Every structure is written in structure tokens, then in C-alpha cells.
Amino acid sequence: MKESVLIAGVGKRFAAIQALQEVTLSVGEGELFGFIGADGAGKTTLFRILATLLLPDEGRAEVLGLDVVRSYRDIRKRIGYMPGKFSLYPDLSVAENLRFFASVFGTTVEKNYELIRDIYSQLEPFKTRRAGKLSGGMKQKLALSCALVHRPEVLFLDEPTTGVDAVSRKEFWQMLGRLREQGMTILVSTPYMDEAVLCDRIAFMQEGRMLALDTPTGITTLFRKPLFAIRARETWRLLCALRASPHAASVYAFGSALHYTDNRPAVRVDELLAALQAEGFTDVSVSVIQPGIEDTFIALMEEKQGSAHV
Amino acid sequence: MSEPVIHTDKLTKRFGDFVAVDALSLTISGGEIFGFLGANGAGKTTAIRMLTGLLAPTSGKATVAGFDLYTGAEGVKRNIGYMSQRFSLYDDLTVRENIRFFAGIYGLTNQAIKEKSRQLLESLKLVDVADTRLASLPLGWKQKLAFSVAILHEPKIVFLDEPTGGVDPVTRRRFWDMIYEASERGLTIFVTTHYMDEAEYCDRLCIMGDGKVAALDRPEAMKRQFGVESMNEVFLQLARPKKTE
């Protein structure tokens, strides 16, 4: 597979903070690649290096076969970058912003309209409105349109869905899916674990390092312990009781269930059930489940920190 | 149960022709964890600004923490806690200075501030970093501190506006531990979030759509009503705005 982005041993330090450390990976042409991690994981620093806005301290990176330090001018013409912070002109209207970004890249809105039609058509009823007066979901659609207007070959989206509601997030990912079908390479970062499954491959980021890299299904095989879902009506009391157990390796709330691992090698569902019933949880249910992306992320975080937070 | 901590009856806010919040009626009792959800632009922020005494309603009735929103907005502000996504703590102040500053704002006496600071630093295990500037602390610690500072003056209710945005999955869950513990002590929690798994942790939920209450119930009742497994599916069915903007 042809590579669109290559990152080899990249590190970056800001005073006392090691923002990125030894990050190595490559993204293939046409791939939808996700960086999953919390604030401070290094996602933005990495994106800024790839978008040629920041120089790496160590290692090297290439975008479309061009070095991010030496060939930054050429790279800038061929990529689209949507920063995490809304950075369009709030005093310009929707249409003016789009026209401005098209002209900066020496093109016109009309020339590439086909590419943004899907997204921009939803904004057209408001095209005379100032960008600063748009709602969160609308701002995000305009920012994406502006990042696409020059038909980039690689698109960098830094936390495009942070602070956006679940409905708009879903719509946004549908748009990304359609761009991907057109062959665009997309790198996207997000703190939402549920968005990871929508990517071709993902990298888990934590405190400047990559914890893991694989397909969404592949990454969950890194979770090696049997995982149980335990439910009872009194979730908080159940959580406290499980944490107090000497056998608990990890207990975390996942929606209406608790996800639990045990430090005994071959503990059975009926044993757990009996123990909890004996503690007075008459309505408790226990089942074995497949670990998800978030289970895996938490497990890898704990492994790295060297201690389980029960 | 005692007096409701929040009671609103057809609370409405108009901006010109636009009805941002349309006849919101809620009763929230002491110790309840109340989740307030909705799509961007559904009226959540406007509702919270009214309930925290920052914005005068257009019509309807409301009392918060025993004060009327029309005649007692100042009383409301003094008797609630508030923590937003952006923390509200000062990065350039130390942990101890932040506590002292907010305690002072809420009118605690010097003696009480001293005592509260000591208790808080101990219970949060921040004694060793008490004189460290906030900027250099991990996000999870700041978040714990922000929550504790927001309830330092022992309000009846705390408003948490997207408190867990941008934090890792472990820190997010630890934050919910604090919410549960506080609610066990009788504090009422009014929380907004975009994480649908967190919606499941609430005692009751209100989902807003186009300024109106689209649903108000316990999470399990909502899931049963819609015949779905998760709050995410409930949300996607309910919160899709009918009109654009």
C-alpha cells in the first residue's frame, strides 16, 4: 500500500513537558486513521507537526512523500487542516469564509463544489450569517468545508467532534465516510472511544506516547483477561462492594453495567453471582462479555502506569 | 422527601421571536443526580443560565435552592455551586491560593477558609502540592479540585456543565465517583454531558429538543419506552432537531 503519511521516531518537548515521544507509524493512501486519546495525549502536537506548523525535535515525518521540515511549502498546498480550536473569521459570513479559503489556495468554490456539496448544502440557508454567530455543529461543518475547498489529498482533523452533541457527531462521521469513499486520506483525532470503531486503523495515545496501533477489532485482542459485565439496580453500591473485594483486579462503570476483571485465573460466572447474592444483591446478573475499545484503552493505561486502579 | 431543590413551572425564555426555552417544568429533589441532555442549540445553556440566576426568564415560575428566580437571583447565586467544562480555576495560582480565592468569593470567614483548606487538601491528597501552581498539575487533579471548590460553601445543588470533556476514560470515571459520593451526602447534582454512557449514571434525565422537554424519566424507563439497549440510541431518536437553527 502506498503511504500518505510516514512518522518515524518523532519527539517534541515544550519546556518541562515531553509532548511527544518516539511516535512511529504510517498511514496508507485512502485510509481513515484515528488518534484516540485525552487532552494532553499529544494529538494536537502531532497534527501540528504533520501540518508543517511546528518543527519536531527528534525523528522525521513525511506527508505525500515530502519532508515536513524541508518541503513545508509544497505540503501546505496539498493538505487540509482543521484545527481543534475554531479558527475561521468570526466577522466574515459563511460564504465569505469559504471564498477566502478558496482564494488563498488559488482556487474557487465553484471548481470544487462537488466535493463539499454534501456538507456545504446544509449551511447554504445561512450563508450570509457571520461565522461567529453559528451554532457548534454549524461551525464544525463550515470549518470542514473550508479545509476541503482546495480538494486536499490528505485531511487532518484535530478533535472535530469535541463538545459536539451525539446527533451531530454521527452526521459528521457519515460525512467522513463519504469522503473516504472518494479516496481521500483522513487523519482524525478524538477523545470519544465510540468513534474509534469507525476508523480503518487507530492509534491509542497517552501522555505523548503511542500505547497501541491496530484495527479497531485487532486492538481489543490486547485485552487478555476474561471480562464480566455485572448489573444490579443499585449500581453505586455494587461498585463499592466489588471494589472492596480482595479478588477484584478492575471495576469500571460502563453505562448501566459494571465491567469487572478478577485476579483469580479461572473464576466462573456462578461463583461471582453467588458471592454477590450472599452480599445482598438479589437482582444481580453476571455475564462474560467481549472487551470493547474503551476496556482495552483503560487496561493499557493501567499496564503502562504499572498499577491497577481498582 | 424534603422541599424540591429546583422547581420550575412553564419556565420560558424568548429572544425576540425565538423561543430558546419553551415551558420547562421540572421538579428536582435533594440528593438527586439529574442529567440534562440535548443537541447543540436545544436550549440547554439558556436553561442553565436561568437556573443559576444569570439570565432573567421571560415567563413561568421557578425556585432554585429556595429562592425565586425573579426576586431572589442573588440568593440563588450564593446558594448554588457551578463548575464548567473550562474549570474556572486559575492556572497561575497555587492549589492553596485557588481554594482561598473561591472560599473568599463565597464569603467564608478567614477561620472557615483555613479549616476548609486543610480538610480539602487532606481529603483530595493534595497536601504535597498545596503550594504548586495549578498549571503543572494533571488534568484529573484539577478537575477534582474544581469540583470540590465549586461545593466549598456547601450549596444545596451544584451545576456541572460538561465537566468531563477531554479527559481520559479512567479520570472520567473517577470524577463520577465524586459525583456519587456527593449525592450520597445529599447534594443535588445537575449535570450536562455529551457522553451517553454518563447519561446512564444519572437518577433521572431530561432530554431537550428545540427548547422543549422531549423526554423526562429514569434512564431505564426511557430505554424501555423506546425498546433500545442504550441511552445513545434514545438520544439519537429524540434529539434530532426538527428545524435547522
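These legends walk through several close-up views of a predicted model.

**View 1. Two neighbouring phenylalanines in chain A meet edge-to-face.** Across all chains, the structure holds 19 aromatic pairs. One of them joins Phe100(A) and Phe101(A), with ring centres 5.4 Å apart and planes at 90 degrees. How does each ring stand with respect to the surface, buried or partly exposed? Phe100(A) counts as partly exposed because its relative accessibility is 34%. Phe101(A), at 18% relative accessibility, counts as buried because that value falls under the 20% limit.

**View 2. An edge-to-face pair in chain B joins two helices.** Here the partners are Phe147(B) and Phe175(B), whose ring centres lie 5.5 Å apart, with 75 degrees between the planes. Phe147(B) belongs to helix α5 (residues 139-150) of chain B, while Phe175(B) belongs to helix α6 (residues 169-184) of chain B. The pair therefore links distant parts of the chain, as the two residues are 28 residues apart. Phe147(B) is buried, with a relative accessible area of 1%, and Phe175(B) is buried with a relative accessible area of 1% too.

**View 3. Four phenylalanines of chain A form a cluster.** Look for Phe33(A), Phe35(A), Phe47(A) and Phe156(A), which are linked by ring pairs.

**View 4. Two arginines of chain B lie over aromatic rings.** Arg172(B) sits over the face of Tyr195(B), 3.9 Å from the ring centre. Arg173(B) reaches a ring in chain A: this arginine lies over the face of Phe254(A), at 4.2 Å from the ring centre.

**View 5. A helix of chain A packs against a helix of chain B.** The two elements are helix α6 (residues 166-181) of chain A and helix α9 (residues 231-238) of chain B, with axes 9 Å apart. How are the two helices oriented to each other? Their packing angle is about 85 degrees, so α6(A) and α9(B) are roughly perpendicular. On the α6(A) side, the contact is made by Ala166(A), Val167(A) and Lys170(A); on the α9(B) side, by Asn232(B), Phe235(B) and Leu236(B). Sorted by class, this contact has four nonpolar residues, one polar and one charged.

**View 6. Helix α9(B) has several buried residues.** Met231(B), Val234(B), Phe235(B), Leu236(B) and Leu238(B) are buried in this helix. What do the buried residues of α9(B) pack against? Their partners are α6 of chain A and, within chain B, β3 (33-38), α7 (196-199), β9 (204-209), β10 (212-217) and α8 (219-226).

How values were computed: Residues are numbered from 1 along each chain as its sequence is written. Chains are lettered from A and ligands numbered from 1 in the order in which they are written. This is a predicted model: local features need pLDDT of at least 70, side-chain atom pairs count only at pLDDT 80 or more; totals for chains, interfaces and linings use all residues. Side-chain values use heavy atoms; hydrogens and water are left out. Rings of Phe, Tyr and Trp (its six-membered ring) pair if their centres lie within 6.5 Å; planes under 30 degrees apart count as stacked, over 60 as edge-to-face and the rest as tilted. Buried means under 20% relative accessible area, exposed over 50%, partly exposed in between (1.4 Å probe, protein chains only). Helices (H or I, at least four residues) and strands (E, at least two) are DSSP runs, numbered from the N terminus. A charge sits over a ring if NZ of Lys or CZ of Arg is within 6 Å of the ring centre and within 35 degrees of the ring normal. Axes are lines fitted to C-alpha atoms, for helices over the stretch in contact, and angles run from 0 to 180 degrees between N-to-C directions. Angles under 35 degrees count as roughly parallel, over 145 as roughly antiparallel, 65 to 115 as roughly perpendicular and the rest as oblique. Contact means heavy atoms within 4.5 Å. Ala, Val, Leu, Ile, Met, Phe, Trp, Tyr, Cys and Pro count as nonpolar, Asp, Glu, Lys and Arg as charged, and the others, Gly among them, as polar.
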